[in-house]
Amino acid sequence: MKFMFGNMLEAIEPGPVYLVTTNSYIRKDGALVMGRGAARQLAGMFPKLPYALGERIEHLGEYNVGVLTDTATGLSLGAFQVKFNFADEADLDLIKRSVAELTQVATERSDRTFHLNYPGIGNGKLSIDDVEHLLEPLPDNVMVWRFR
């Protein structure tokens, strides 16, 4: 894992996988709630994404890391779960499970680069010190981004 600084979504391009931290709360219209931070920014860029992720979550029942690839644009976008409900604080055990899943996926797909906004801080209300040790298993093809 490598730490990066800035806004990972400013130069989004085909090839890498872009993951934003989310919850698993599905609205009545079928969309995943993506109302804050990087999730909100990505949903604003790709308005159909909350619906596609909501459908995937409803189909799977539970998820930690979900990636969708748009064959038309070649963009790979997804969610990294840090909480169950959008109103909750981030959950350290859930972050640990999501890290384990991302570690497995990124190891299996070592030919891809994965970008992730720093999980659990900001609207998740955790500190970097709370989360940083949980990120240690992530392989070198995962870039964890935060603003300075």
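Among contacts in the protein chain between residues at least 6 apart in sequence, what percentage join residues at least 24 apart? In this predicted model, the share of such contacts that join residues at least 24 apart is 65%. The chain holds four helices and six strands, and two of its pockets are described below, the largest with about 550 Å³ of space and the second largest with a volume of about 200 Å³.

**Overall fold and dimensions**

- Read from the N terminus, the elements of the protein chain follow the order β-β-α-α-β-β-α-β-α-β, and the radius of gyration of the chain is 14 Å, close to the 15 Å that the globule rule gives for 148 residues, so the chain is as compact as a globular protein of that length.
- The C-alpha trace of the protein chain spans about 35 × 35 × 30 Å when it is taken along its principal axes.

**Burial and surface**

- Of the 148 residues in the protein chain, 46% are buried, a class that here means under 20% relative accessible area.
- The protein chain has an accessible surface of about 7900 Å², and carbon and sulfur atoms account for 50% of that surface.

**The largest pocket**

- The space in the largest pocket amounts to about 550 Å³, and of the 29 residues that line this pocket, the closest to its centre are Thr21, Arg36, Gly37, Ala38 and Asn117.
- Strand 2 (17-22), helix 1 (37-45) and strand 6 (142-146) each contribute at least two residues to the lining of the largest pocket, and helix 1 gives the most, with four residues.
- Sorted by class, the lining of the largest pocket comprises 13 nonpolar, 13 polar and three charged residues.

**The second largest pocket**

- The second largest pocket, with its volume of about 200 Å³, is lined by Phe46, Lys48, Leu49, Ala52, Leu68, Thr69, Asp70, Thr73, Leu75 and Leu77.
- Helix 2 (49-60) and strand 3 (65-69) each supply at least two residues of the lining of the second largest pocket.
- In terms of class, the lining of the second largest pocket consists of six nonpolar, two polar and two charged residues, and its members include the charged residues Lys48 and Asp70 as well as the polar residues Thr69 and Thr73.

Note on methods
Residues are numbered from 1 along each chain as its sequence is written. This is a predicted model: local features need pLDDT of at least 70, side-chain atom pairs count only at pLDDT 80 or more; totals for chains, interfaces and linings use all residues. Side-chain values use heavy atoms; hydrogens and water are left out. On a 1 Å grid over the protein atoms alone, a cavity is a set of points where a 1.4 Å probe fits but cannot get out, and a pocket is an open set with protein on both sides within 12 Å along at least five of seven lines; lining residues have an atom within 4 Å of a point. Grid points are joined across faces, edges and corners, and a volume is the space filled by probe spheres set on the points. The radius of gyration is taken over C-alpha atoms; the globule rule is 2.2 Å times the number of residues to the power 0.38. Buried means under 20% relative accessible area, exposed over 50%, partly exposed in between (1.4 Å probe, protein chains only). Contact means heavy atoms within 4.5 Å. Accessible areas come from the Shrake-Rupley method with a 1.4 Å probe; for residues, only the protein chains shown count as cover.
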